[in-house]
Structures are given as structure tokens and as C-alpha cells.
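Student: I am new to this structure and would like to work through it by question and answer. May we begin?

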Amino acid sequence: MVKAKKYVLINYFVNQPKPTDLKLVEEELPPLQDEEYLVEAEYFSVDPYMRLYVLNFPLGTTMIGGQVAKIIESKNPTFPVGKRIVGYLGWRTHTIISPNIDNSFAQQKPYLLPDIGDLPSSLSLGVLGMPGNTAYFGLLEICKPKSGETIVISGAAGAVGSHVGQIAKILGLNVIGICGSDEKCKWLVEEMGFDFAINYKTMPVAARLREVAPQGVDCYFDNVGGDISGIVMYQMNLFGRVAVCGSISSYDADTSSLPKCAILQPALVTNQLKMEGFIVRRWLDRWNEGVIQNLQWIREGKLRYRETVTKGFENMFDAFIGMLHGDNTGKAIVQA
Ligand SMILES: NC(=O)c1ccc[n+]([C@@H]2O[C@H](COP(=O)([O-])OP(=O)(O)OC[C@H]3O[C@@H](n4cnc5c(N)ncnc54)[C@H](OP(=O)(O)O)[C@@H]3O)[C@@H](O)[C@H]2O)c1
């Protein structure tokens, strides 16, 4: 009999999530039925969307999230023992998967880890998974970047942002990142190949952006929303494109006291900007295209990645909060 550990939501998050909002419980798993297989988690992803999306689920739900897991028992020949899968199984150590039931909130069934050679399997939660495809499709399909243009990326030193900037460099853009520490700025410029980086916590963003992008901004990949986005949008060029990927600056806020709307319309109208929100699952039917292209760029040495790894399932909550506060550079991961 296998015992699974899982984190269950017992209080909805209000402002900053608290450890007492989740409860660690144990569950005895039943024997496998035909077609089922049992997996043991190896790596967990902690992502900003969890802060928001879990509010749509009833209390008692296992905390949502993706993981890479190893198949340790199987009654399904397509999912043999020893192979690894990627799936939205939540914050739980062991899971029985019934392939015919799709109970994933992300509308994506668990899938076998693609062949990524000797690269770490955790990359399937980052650069070769959901964040990587968010960068790939969000940038190409929404910003429609052209060589020689200038792009600004907020949340630039995180999983999605650091990836977007590197693809933009591959495509020949001038790349400016905005992030929350000098160390992250240095990393973006010296290791990720960004042209400039702005620390929004210590620098006057509007003035600094005018200095480093005197020709204006053509594309804005927005991960954070709020004041930073207002500043960038007022420095955009005619027919600029804004990809609205996320708004992490508001995720912990009291929604009743948020400003209802910043006045962005003059920027949008005057420069005839196009602003579009997206969710990466829009391109589920092209998922492998993104993974294969990102893998190729890694193999060619054009795409680099960093993971901030926290060890231990018991530290899931700290890793999650740390990521929301900016402790991570690149992708935040928990190793089971
Ligand atoms: N639309 C989609 O399909 C999709 C898919 C994946 C992710 N997303 C969104 O993309 C964004 C980035 O996700 P990610 O997984 O790559 O996370 P991440 O950037 O790796 O981690 C979150 C980062 O947000 C920054 N941050 C926190 N509070 C902030 C604030 N008040 N203002 C500015 N920055 C703040 C922190 O970095 P600093 O140190 O720089 O503050 C932190 O490291 C999120 O908004 C997420 O919801 C959307």
C-alpha cells in the first residue's frame, strides 16, 4: 500500500498566502485498476498562476500545479514503469493516473517526457514546458517581433521573461528587461544577452527607459501589469504590440482596493497600439512545436536557462511564496 502526501487548500488565500491556508495530509492509495499507472513526483513547479487559479476550486482541493514524476507501477503498456511523465497532478507525492479521465484544470493530460537526452527532466516544467511555450508562442504570435525592433519585457529575470528576451535576441531585436534586483539585471545582461536591464525597485523606470530606448518601444511583453506597464506603454511607437501574459504585481492585492483602470487609452489610440491577453493553452495543438524549437535552441547554445531549486516536498510553500516575492532567478522548482 502506497501512502501519498498532499497539500490541501483549507482557506482561500487573502493577500499574501499563509502556510496555514494549506494542510499537509496523507492518503492511502488503492490498488491499481486496468489501464491505470502510479507515479512518484520528482520535481514540482511553483508558478504565479497557482496564486490566482486555485481560488476557482472548492476548499479541500489538492493545491494545483505541475510536476515531473516517475512511473513506479503500471497496468498500462503505454506508460511503462521507469518512464517519466509531466502532468498537472497538484502538490502531491504519489498519484494514480487513469488515462481515460481528464481531471486536469489545465486541459492537458499527463504526457510522457519527450526525449531530451542528458538534460535534466525538470526542464519540462520550465524552458521545455509551459513557461517555455508561453515565451515562444506569446512572443511570436502576439508581439510578432521583427528584427531591428525594440522590445521591453517586465518580470524579465523569471522563467517566462528570461526566455522571451533570449528568443527576441535570436530574432535580432534590441532587448530591454525590467526586474527587481541589481544581481538579476547583471545576470540578464551578462549571461542572458539582454542589451539593457532596469531595476524597477531602485531606478526611475520612465527616465531610464527613455535613455536606453531613445527610439521608442515596438513590443512589450507584460508579465507584471500595474505602474510599470503604464510607463512602458506611454513610450511605445506607432503600431506597437503588447502581449499581456500576466499581472503579478496585483496577485496578492486586495481586489476591492485595486485601481479600476489606469488611463492607457491615450497611449493606445495615439500610437494605434495592439494589446492582447493570452493563455498558453491556446496553442495546445502546437505544444510540441514549441518544445522542439526551444530544445533545438538549447542544443545550439542559443538559449540558456537557470533554475532556482528548493529541496524537499516539505518546503513547497516556502518555495511558492519565495517565487511570488522574487527569490527566484529563472524557473522556480522544488525537488521532491
Ligand atoms: N498567460 C499565460 O499563459 C501565462 C503562462 C505562464 C506564466 N504567466 C504569467 O507570466 C508571469 C511570469 O510567470 P513566471 O512563471 O515566469 O514567474 P517568474 O517570473 O519566474 O516569477 C515571478 C516573478 O515576479 C516578480 N514579481 C513579483 N512581484 C512583483 C511585482 N509587484 N512587480 C513586478 N514584478 C514582481 C518577481 O521577480 P522580481 O525580482 O523581478 O520582482 C518574481 O521572481 C506571471 O504574471 C504569470 O502569471 C502567464
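Tutor: Let us start with a term: helices and strands here are DSSP runs, with at least four residues for a helix and at least two for a strand, numbered from the N terminus. Please bear in mind that this is a predicted model.

Student: Where is the place of L59?

Tutor: Two elements frame this position: α1, residues 48–53, and β4, residues 67–74. L59 has its place in the loop between α1 and β4.

Student: Is L59 buried, partly exposed or exposed?

Tutor: Buried means under 20% relative accessible area and exposed means over 50%, with partly exposed in between. The relative accessibility of L59 is 44%, so L59 counts as partly exposed.

Student: Which residues form a nonpolar patch on the surface, and what is their accessible area together?

Tutor: L59 belongs to this patch, along with Y12 and L55. Together, Y12, L55 and L59 have an accessible area of about 250 Å².

Student: Which residues around the ligand come nearest?

Tutor: There are 26 residues around the ligand. By class, this shell has 15 nonpolar, ten polar and one charged residues. Those that come nearest are K184, Y200, Y251, V280 and N328.

Student: Which helices each supply at least two residues of the shell around the ligand?

Tutor: Each of these helices is a DSSP run. The helices that supply at least two residues each are α2 (130–143), α3 (159–170) and α9 (316–325).

Student: How much of the ligand's area does the protein bury?

Tutor: Consider the contacts beforehand. A backbone N or O atom of A159 is 2.9 Å from a ligand oxygen atom, and a polar side-chain atom of Y251 lies 2.7 Å from an oxygen atom of the ligand. Taken alone, the ligand exposes 910 Å², and the share of that buried by the protein is 90%.

Student: Is I298 buried or exposed?

Tutor: I298 is found in helix α8, residues 287–299. The cut-off for buried is under 20% relative accessible area. With a relative accessible area of 12%, I298 is therefore buried.

Student: How far apart in space are I298 and L128?

Tutor: In sequence, I298 and L128 are 170 residues apart. From C-alpha to C-alpha, their separation in space is 9.6 Å.

Student: What separates the C-alpha atoms of R306 and V291?

Tutor: R306 is found in the loop between α8 and β14 (307–311). Along the chain, R306 and V291 are 15 residues apart. Their C-alpha atoms are separated by 17 Å.

Definitions and conventions. Residues numbered from 1 in each chain as written. Predicted model: local features only at pLDDT ≥ 70, side-chain atom pairs only at ≥ 80, totals over all residues. Heavy atoms only, no water. Patch = residues over 30% accessible without salt bridge, like charges linked within 9 Å, V, L, I, M, F, W, Y side chains within 5 Å. Areas by Shrake-Rupley, 256 points an atom, 1.4 Å probe, with all protein chains shown as cover. Salt bridge = Lys/Arg side-chain N within 4 Å of Asp/Glu carboxyl O. Buried < 20%, exposed > 50% of the residue type's maximum accessible area, 1.4 Å probe, protein only. Near = heavy atom within 4 Å. Polar contact = N/O pair within 3.5 Å; in protein donor to acceptor, adjacent residues only side chain to side chain. Nonpolar A, V, L, I, M, F, W, Y, C, P; charged D, E, K, R; others polar.
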